[in-house]
Amino acid sequence: QTRPAALQPEDEKALAAVFDTLSGTKESIKTSRKAITKLIEEKKGSECRICDLSLERTRALGKDFTKKLHMVYLINDILLYFVKKRANKAQPDAYASALLPYLSGILNACVLGHPPADSTKVHRVVSLWGKKQIFLGPQLHVLNVILHTEAEEYAKTTGGPPPVAPGGVVGPPGAFPP
């Protein structure tokens, strides 16, 4: 995959600041989403670079699951913002389309090596994307396969059950809250 075109230095710096100040509060996520959606709307074609930087930041967070989850929540908020603006709900918007190739890496960084209790939070967000029709059938299936594959890898390294399989939750009864 070729690297997406760079944003202007001031835009990259502003985006880095958004990521640096992101916390899990609704206000922080909303403020961050507004800054990023404004950038996307003002700088057509910036979606891929923003997604690339989101992946880089998520990977750079190392073992800090909480901050990775904040990134997932931010991405979710951006997706929800743009899905509401779609003229044709069956056609993905530019951000969702740009994000799709980066989601494997983002989800991998958020799930692999983290306990099922943490990973389940990511799975719930991906499930919401299906309910809100952000990603449709085949795309959602691929995301679930990615999550399932990563869960199997987690099970191999920890001896614990994989937290999610396509089509539903697996593992011991009661292991995952509804």
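A helix is a DSSP run of H or I with at least four residues, a strand is a run of E with at least two, and both are numbered from the N terminus. By that rule, Gly-130 is found in helix H6. The exercises below concern a predicted model.

**Exercise 1. Describe the secondary structure and the burial of the chain.**

Solution.
- Step 1. Count the elements: the chain has 7 helices and 2 strands.
- Step 2. Put them in order: from the N terminus on, the elements run α-α-α-α-α-α-α-β-β.
- Step 3. Take the burial: 46% of the 178 residues of the chain count as buried.
- Step 4. Take the contacts between residues at least 6 apart in sequence: 66% of these join residues at least 24 apart.

**Exercise 2. Compare the end-to-end spans of H3, H5 and H6 with the spans expected at 1.5 Å a residue.**

Solution.
- Step 1. Set up the expected value: it is 1.5 Å times one less than the number of residues in the helix.
- Step 2. Helix H3 (residues 47-60) has 14 residues and should span 20 Å; its end C-alpha atoms are 20 Å apart, in agreement.
- Step 3. Helix H5 (residues 94-111) has 18 residues, for which 26 Å is expected; its end C-alpha atoms are 25 Å apart, which agrees.
- Step 4. For the 16 residues of H6, the distance from the first C-alpha to the last is 22 Å, close to the expected 22 Å.
- Step 5. Look for a bend in H5: this helix bends by about 55° at Tyr-102. Tyr-102 is one of the buried residues of H5, which also include Tyr-95, Leu-99, Leu-103, Ile-106 and Cys-110.

**Exercise 3. Find which elements the buried residues of H3 pack against.**

Solution.
- Step 1. List the buried residues of H3: Glu-47, Arg-49, Ile-50, Cys-51, Asp-52, Leu-53, Ser-54, Leu-55 and Thr-58.
- Step 2. Identify their partners: these buried residues pack against helix H1 (9-21), helix H2 (26-42), H4 and H5.
- Step 3. Check what follows the helix: just after H3, Gly-62 takes a positive phi of about 60°.

**Exercise 4. Work out how H4 and H6 are oriented to each other, and which residues form their contact.**

Solution.
- Step 1. Choose the descriptors: two packed helices are described by the angle between their axes and the distance between the axes.
- Step 2. Read both values: the axes of helix H4 (residues 65-84) and helix H6 (residues 116-131) come within 11 Å and cross at roughly 5°.
- Step 3. Classify the angle: the cut-off for roughly parallel is under 35 degrees, which makes H4 roughly parallel to H6.
- Step 4. Name the residues: H4 brings Phe-65, Leu-69, Val-72, Tyr-73, Ile-75, Asn-76 and Leu-79, while H6 brings Asp-118, Ser-119, Lys-121, Val-122, Val-125, Leu-128 and Trp-129.
- Step 5. Sort them by class: the contact of H4 with H6 has 10 nonpolar, 2 polar and 2 charged residues.
- Step 6. Turn to burial in H6: among its buried residues are Asp-118, Ser-119, Val-122, Val-125 and Trp-129.

**Exercise 5. Decide whether Leu-69 is buried or exposed, and find what it touches.**

Solution.
- Step 1. Locate the residue: Leu-69 is in helix H4.
- Step 2. Apply the cut-off for buried, under 20% relative accessible area. Leu-69 has 8%, so it is buried.
- Step 3. Find its contacts: residues up to four places away in sequence aside, Leu-69 touches Lys-121 and Val-122.
- Step 4. Compare sequence and space: Leu-69 and Cys-110 are 41 residues apart in sequence, yet their C-alpha atoms are 7.0 Å apart.

**Exercise 6. Characterise Gly-130 and Gln-133.**

Solution.
- Step 1. Assign the accessibility of Gly-130: partly exposed lies between 20% and 50%, so Gly-130, at 21%, counts as partly exposed.
- Step 2. Find its contacts: leaving aside neighbours within four places in sequence, Gly-130 is in contact with Phe-135 and Leu-140. Gly-130 and Leu-140 are 10 residues apart in sequence and 6.4 Å apart from C-alpha to C-alpha.
- Step 3. Place Gln-133: this residue is in the loop between H6 and helix H7 (137-158).
- Step 4. Recall the usual backbone angle: most residues other than glycine have a negative phi. Gln-133, although not a glycine, has a positive phi of about 55°.
- Step 5. Add its accessibility: Gln-133 is partly exposed at 45%.

**Exercise 7. Find which residues Glu-41 touches.**

Solution.
- Step 1. Glu-41 lies in helix H2 and is partly exposed, with a relative accessible area of 29%.
- Step 2. Not counting residues up to four places away in sequence, Glu-41 touches Tyr-81, Phe-82 and Lys-85.

How values were computed. Residues numbered from 1 in each chain as written. Predicted model: local features only at pLDDT ≥ 70, side-chain atom pairs only at ≥ 80, totals over all residues. Heavy atoms only, no water. Axes fitted to C-alpha atoms, helices over the stretch in contact; angles between N-to-C directions. Parallel < 35°, antiparallel > 145°, perpendicular 65-115°, else oblique. Contact = heavy atoms within 4.5 Å. Nonpolar A, V, L, I, M, F, W, Y, C, P; charged D, E, K, R; others polar. Buried < 20%, exposed > 50% of the residue type's maximum accessible area, 1.4 Å probe, protein only. Bend = angle between axes of the 7 residues up to and from the residue.
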